[in-house]
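Please prepare a short report on selected secondary-structure elements and cysteines of the model shown below.

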Amino acid sequence: LDEPHPVSRLTLCDIQNAKFVRRNGGGVKDVAICSLFSASTIAVRWEPDVHISMVELGLRLKSLVLTQKLKQQGNRNQEDVSTKEEPTTTSSSVDKQKKKESIFAVDVEMLSISAEAGDGVEAEVQIQSIFSENVRIGVLLEGFILGFCGCRIFKSSRVQISRIPSMSSTSSSSSNASGTPWDWVVQGLDIHICMPFRLQLRAIDDAVEEMLRALKLVTNAKKGLILPIKKESSTSSSKKPGGSTKFGRVRLCIRKLVFDIEEEPLQGWLDEHYHLMKKEAHELAVRSKFLDELISSGNKVSKDGEDESEGGEKKVSFEGEEVDIQDPEIIKKMNEKLHKQSFDSYYKSCQGLRHGDGSGACKEGFQAGFKMSSTRTSLLSVSVTDLDLSVTAIVGGEAGMLEMVKNLDPVCQEQDIPFSRVFGCNLRLNTGTLAVQIRDYTFPLLSTRLGQCEGRLVLAQQATAFQPQVSHDVYIGRWRKVQMLRSAGGTTPGMKTYMELPLSFQKGEISFGIGYEPV
């Protein structure tokens, strides 16, 4: 950007009370090095400008190293190269023999990560505690919170992520150690997923996608300017098969999972207080009716002439006091006292409400003044207990997914519809209880017990013809912008869902009635 901008200070990394310990394995077998990293507070900030600067610095260092290597290779003799090749092979064989497992332990009390994920999109991650005796085996996270633009999306009090050798690999003894697939297990005590009120998810998705595209264009341009001779080697190296470990199965074991759609604060507050005022209004109407009957009965007795000797006064007992029901001022005070008691009862009911935390989507503005109770924060909620979900890859990869889509959709098979992106997996699900609740209704919309599900799920996005393009500017950070092309319509085909998921429950209950619509 050409126009000047004010310079501001930004903390990218702040670590307090950090300690790193490293020692040899000692008497422990198959352990070469034991390391421990501990810190009380870690705060990390990611910025696109800093990311591009670090990438540029890395490319320039790489270019410097390559130029030095080229100069050394030009000055070397062929004899020196042949003599230096022999010890490298022997040292590599010795390293393979001495290769042992290293243990890396982590103990962090507070971790905070924030990032500018897009133009106007802020992502935050907070973890109150991170502990692991060996990072290669598993990590324990406590107080995990994920949010976008100040709104909480994901929350969990305790999550443990671990990996174990795959069951298929352990059964077959012929599998080598380098290509052994691993099964990942995620255990959670309670997980809460919230869809905040009026959070622009589509705008966030577009902003993040444009940010990634712009960063990719900028880094490729920097790489082409700084390392123009490395293009062929990079393409050849990308074709080499990697020796990374494979994923076998992902298993989720969650004690309690809650997913809800947040209610509008104004709508929830009005609905909740309407019911409270309705209750007090009914009680006031009943008490006012009894008072009117008492006054009318007293006036009827006085007309009969029974109390003329007392000067025309008729006294009755009202809340332990003797009052004259023929005095209009006293009757007016009695009505005012009933209204005051009704308001005091309504006020006490309001004070007894326990306000919910909410997602933080309405911290400012008109909606911020309306506080809902914890039982009224959600418009629609789905709660699951004892969730056990196993996810594995579909056999055949993308070809297997497309074959499943063609089997389920005859139109797709007849017209040979192409797809640009395909995602799928095999699912195996077991649940203890499942309840679908609308607002704070007495009975849930759906209530089940001991559910089972096993099948396949595929998400496919249909490919479209090349659409007309429009040029627009994408801002990266504070000082850069990239001119990019995007479709004129600005829309992409939605993801179609294809599933073979038979569900079975030991017991299920469904409720229905007037006013069960969620909006």
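Strand β18 (residues 503–510) is hardly covered, with zero buried residues among its eight; buried denotes under 20% relative accessible area, exposed over 50%, and partly exposed the range in between (1.4 Å probe, protein chains only). Helices (H or I, at least four residues) and strands (E, at least two) are DSSP runs, numbered from the N terminus. The model is predicted: local features need pLDDT of at least 70, side-chain atom pairs count only at pLDDT 80 or more, and totals for chains, interfaces and linings use all residues. Residues are numbered from 1 along each chain as its sequence is written, and side-chain values use heavy atoms, without hydrogens and water.

Strand β18 runs antiparallel to β14 (residues 446–462), to which seven bridges join it; pairing requires at least two DSSP bridges between two strands. Within this pair, Gln452 lies opposite Ser504 of β18.

Helix α8 (residues 397–408) has twelve residues, and its end C-alpha atoms lie 17 Å apart, in agreement with the 16 Å expected at 1.5 Å a residue (1.5 Å times one less than the number of residues). Its buried residues are Gly400, Met401, Met404 and Val405. These cover an arc of only 140 degrees around the axis, so they lie on the same side of α8; the arc is taken from the directions from the helix axis to the C-beta atoms. The opposite face carries the exposed residues Ala399, Glu403 and Asn407. The buried residues of α8 pack against α9 (410–415), β13 (419–438), β14 and β17 (495–500), contact being heavy atoms within 4.5 Å.

The whole structure contains zero disulfides, defined as pairs of cysteine sulfur atoms within 2.5 Å. Two cysteines are tabulated below.

| Cysteine | Relative accessible area and class |
|---|---|
| Cys13 | 48%, partly exposed |
| Cys412 | 1%, buried |
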